[in-house]
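Colleague: Could you take me through one part of this model in close detail? I would like to hear about the surface beside the DNA.

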2 protein chains.
Amino acid sequence: MKHTKKFMQSGEPVYIQIEAELRSEITRGELNPGQLLPSESALMSRFDTSRETVRRSLKELEYKGILYSRPGKGYFVAEPQHDLYSFYFDDSDKDFESEFHSINTVTPQEDVKAALDIYDEKKVIKISRIIMLRGDPVAYDEKYLPYDKGEPLVEAEIKYAVFQDLATIKSPPFAFYTRMEIGSINADNELKKILKCERGESLLIIYRYIIGQDGKKLGYGKKFLTQKWGRLEAISGYTET
Amino acid sequence: MKHTKKFMQSGEPVYIQIEAELRSEITRGELNPGQLLPSESALMSRFDTSRETVRRSLKELEYKGILYSRPGKGYFVAEPQHDLYSFYFDDSDKDFESEFHSINTVTPQEDVKAALDIYDEKKVIKISRIIMLRGDPVAYDEKYLPYDKGEPLVEAEIKYAVFQDLATIKSPPFAFYTRMEIGSINADNELKKILKCERGESLLIIYRYIIGQDGKKLGYGKKFLTQKWGRLEAISGYTET
DNA sequence: GAGTGGTCTAGACCACCTC
DNA sequence: AGGTGGTCTAGACCACTCA
């Protein structure tokens with residue numbers, strides 16, 4: 001059988017081989033953004049395979065943002081998204097020691113009320129902790145959750161769940177997402193005390209809003225990172241493999 | 001014909017309908033991370049369609065990071081990546097006015113040499129500009145490109161290309177990517193002068209390294225953002241649609 | 001060995017675009 | 001009218017997993 005032979009020869013599925021071949025032409029600059037690719041039927045004869053197999057290759061490249069298709073016209077090389085960055089920000093701070101600071105129900109301040117869409121006198125749960133590196137405080141974290149009366153405040157449970165990920169509480173995990181804002185701020189006296197840094201030292205401040213798919217605000221957090229914590233690292237553009 | 005009727009009824013392709021149905025079960029929490037989905041053949045009879053159609057739906061959800069599959073076992077609901085964030089950082093600063101500051105070839109400082117993998121006495125092209133909002137400076141930008149002797153320094157061309165995107169020069173657009181580091185810093189006297197801010201004011205500092213797929217360093221940039229510039233905004237988790 | 005997903009084929013009809 | 005991609009079908013063989 002034709003395809004079996006091809007498959008065995010290199011150990012790679014045919015559609016992966018075609019994908020690699022086309023991708024290489026693009027990263028080498030032989031095919032450039034906006035350019036039209038050969039049609040499916042042309043690729044079928046070029047690679048001596050069926051239409052679905054060719055389409056599988058093209059679909060892969062489409063998902064990766066390298067191609068797009070226009071019905072009736074063909075496939076085109078996409079513009080790379082050099083302005084779209086991604087980064088990991090792991091709230092559990094696995095690489096650090098973290099020190100439990102306080103947990104209690106409080107009357108929220110204005111920024112917290114606004115962030116959680118609270119308009120009445122409802123209280124909120126406030127959890128704060130200090131993140132340490134080799135004995136030095138490098139970050140300080142405050143999290144706020146709406147406190148619905150009647151819900152027992154089970155400290156141990158919250159401690160576990162919240163420290164894994166804010167708002168894993170009582171929401172199916174695909175039912176919410178997080179919006180983050182990153183800014184910088186000079187340490188005030190309170191932060192100076194907590195983080196044992198200079199007053200005025202420049203800190204990264206990271207705001208997070210946990211939002212349900214229905215728009216409901218499920219959580220709010222502020223995190224202050226000293227320069228010892230390190231820099232946030234992000235990537236944009238297409239990285240091979 | 002069976003499928004034509006189904007397709008016409010809702011105007012949506014069958015595989016999109018199946019995808020939506022499964023996704024809804026997941027966001028509603030009926031199916032949870034780690035759980036096994038019904039097999040392909042079970043879904044074939046449930047939705048009265050062919051295997052490839054069912055597989056197309058599952059593949060979509062796989063690409064979106066909602067499912068993963070294990071040969072011989074089945075499809076499982078994935079863990080949502082609540083720690084993976086994305087954001088846009090458009091270097092052209094379309095929403096701002098930007099003021100050309102200077103462009104010339106200079107002997108690089110140590111950080112620039114390290115960032116561009118320069119070990120000899122080669123010079124680099126330095127481009128700097130100031131970004132303004134309503135007449136006020138809100139950011140300051142420095143970019144460095146390796147300067148290969150013999151290349152004419154065509155100012156107009158560089159100005160255009162670099163201000164669109166650092167390193168669009170002479171590299172096919174899929175041949176490189178960008179690594180970014182975000183930190184905070186106190187304004188020194190020089191930045192105070194350029195940005196007309198207080199000495200010690202907290203700034204966001206953004207380092208960028210433009211890197212070829214072959215690992216070659218193509219460009220380096222530093223950008224200082226005042227608090228007037230605004231906050232960086234990022235998103236994580238699954239957002240519907 | 002029975003069931004699962006992974007790959008591949010050879011058809012089909014459709015909507016869209018261009019001449 | 002003829003070419004393009006979009007959707008869908010009904011087969012096939014394979015490697016993997018688990019009882």
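**The surface beside DNA strand C**

Modeller: Happy to! Of the 27 residues around DNA strand C, those that come nearest are Val14(A), Thr49(A), Thr53(A), Glu52(B) and Ser69(B); a residue counts as near if one of its heavy atoms lies within 4 Å of the strand. This is a predicted model, in which local features need pLDDT of at least 70 and side-chain atom pairs count only at pLDDT 80 or more, while totals for chains, interfaces and linings use all residues. Residues are numbered from 1 along each chain as its sequence is written, chains are lettered from A and ligands numbered from 1 in the order in which they are written, and side-chain values use heavy atoms, with hydrogens and water left out.

By class, this surface has ten charged, ten polar and seven nonpolar residues (nonpolar: Ala, Val, Leu, Ile, Met, Phe, Trp, Tyr, Cys and Pro; charged: Asp, Glu, Lys and Arg; polar: the others, Gly among them). H4(A) gives the largest share, four residues; helices are DSSP runs of H or I with at least four residues, strands are runs of E with at least two, and both are numbered from the N terminus.

On the DNA side, 70% of the strand C atoms within 4 Å of the protein belong to sugar or phosphate, and the rest to bases. Phosphate oxygens of DNA strand C have polar partners in both chains: a polar side-chain atom of Ser50(A) lies 2.7 Å from one, and side-chain N or O atoms of Ser39(B) and Arg55(B) each come to 3.2 Å from a phosphate oxygen. Such a polar contact is a pair of N or O atoms within 3.5 Å; within protein, one must be able to donate a hydrogen and the other to accept it, and residues adjacent in sequence count only if both atoms are side-chain atoms.
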